[in-house]
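The report that follows describes a single chain, beginning with its overall architecture and ending with its interior. Please read it beside the sequence and the structure.

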Amino acid sequence: MVDLSFTDLAARFPTGSFTETTDDVQISLKTLLSETAIQLSSSKVTEFVAKLFHAAHAAQVAYNQNPANTKDITSYSAPFIGTTQTIDGQLFIPVSCGLNYLAPLGIDSAVPTTSPRQ
């Protein structure tokens with residue numbers, strides 16, 4: 001199955017966001033999010049996931065435009081941009097992104113069919 005490489009994804013982020021050792025790839029959230037410090041307690045998950053989805057979509061577009069790649073990737077849908085909102089005096093835009101993938105049988109990311117809050 002065709003997929004993006006971490007090199008494809010890393011090209012969409014600031015230099016140093018991704019580093020590779022002999023047997024691992026590490027992501028520096030501090031560099032990726034352009035922050036002076038990031039801790040486990042930092043409330044930055046939405047920003048991280050949003051940047052990850054936008055970068056994955058951009059990498060997918062670049063991959064699909066390369067004539068050497070004979071199969072397109074269709075996993076990362078284009079972001080849908082909503083209407084500007086003002087919250088506490090700041091402007092925000094709602095953005096929705098999607099992830100579509102084929103999950104091999106036995107994958108560890110199975111989702112429960114019912115909500116834990118019932």
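## Fold and interior

The chain contains 3 helices and 6 strands, where helices (H or I, at least four residues) and strands (E, at least two) are DSSP runs numbered from the N terminus. This is a predicted model, in which local features need pLDDT of at least 70 and side-chain atom pairs count only at pLDDT 80 or more, while totals for chains, interfaces and linings use all residues. Residues are numbered from 1 along each chain as its sequence is written, and side-chain values use heavy atoms, with hydrogens and water left out.

Along the sequence, the elements follow the order α-β-β-α-α-β-β-β-β. Chain totals are listed below.

| Property | Value |
|---|---|
| Buried residues (under 20% relative accessible area, 1.4 Å probe, protein chains only) | 14% of 118 residues |
| Accessible surface (Shrake-Rupley method, 1.4 Å probe) | about 9,300 Å² |
| Carbon and sulfur share of that surface | 55% |

Helix 3 (residues 45-65) has 21 residues and should span 30 Å at 1.5 Å a residue, the expected span being 1.5 Å times one less than the number of residues; its end C-alpha atoms are 30 Å apart, which agrees. Ala 55, Ala 56, His 57, Ala 59, Gln 60 and Tyr 63 are buried in helix 3, and the buried residues of this helix pack against helix 1 (6-10).

The largest nonpolar core, a set of buried Ala, Val, Leu, Ile, Met, Phe, Trp, Tyr and Cys residues joined through side-chain atoms within 4.5 Å, has 12 residues, including Leu 9, Phe 13, Leu 32 and Ile 73. Helix 3 gives the most to this core, with 4 residues.

Conventions: Buried means under 20% relative accessible area, exposed over 50%, partly exposed in between (1.4 Å probe, protein chains only). Contact means heavy atoms within 4.5 Å.
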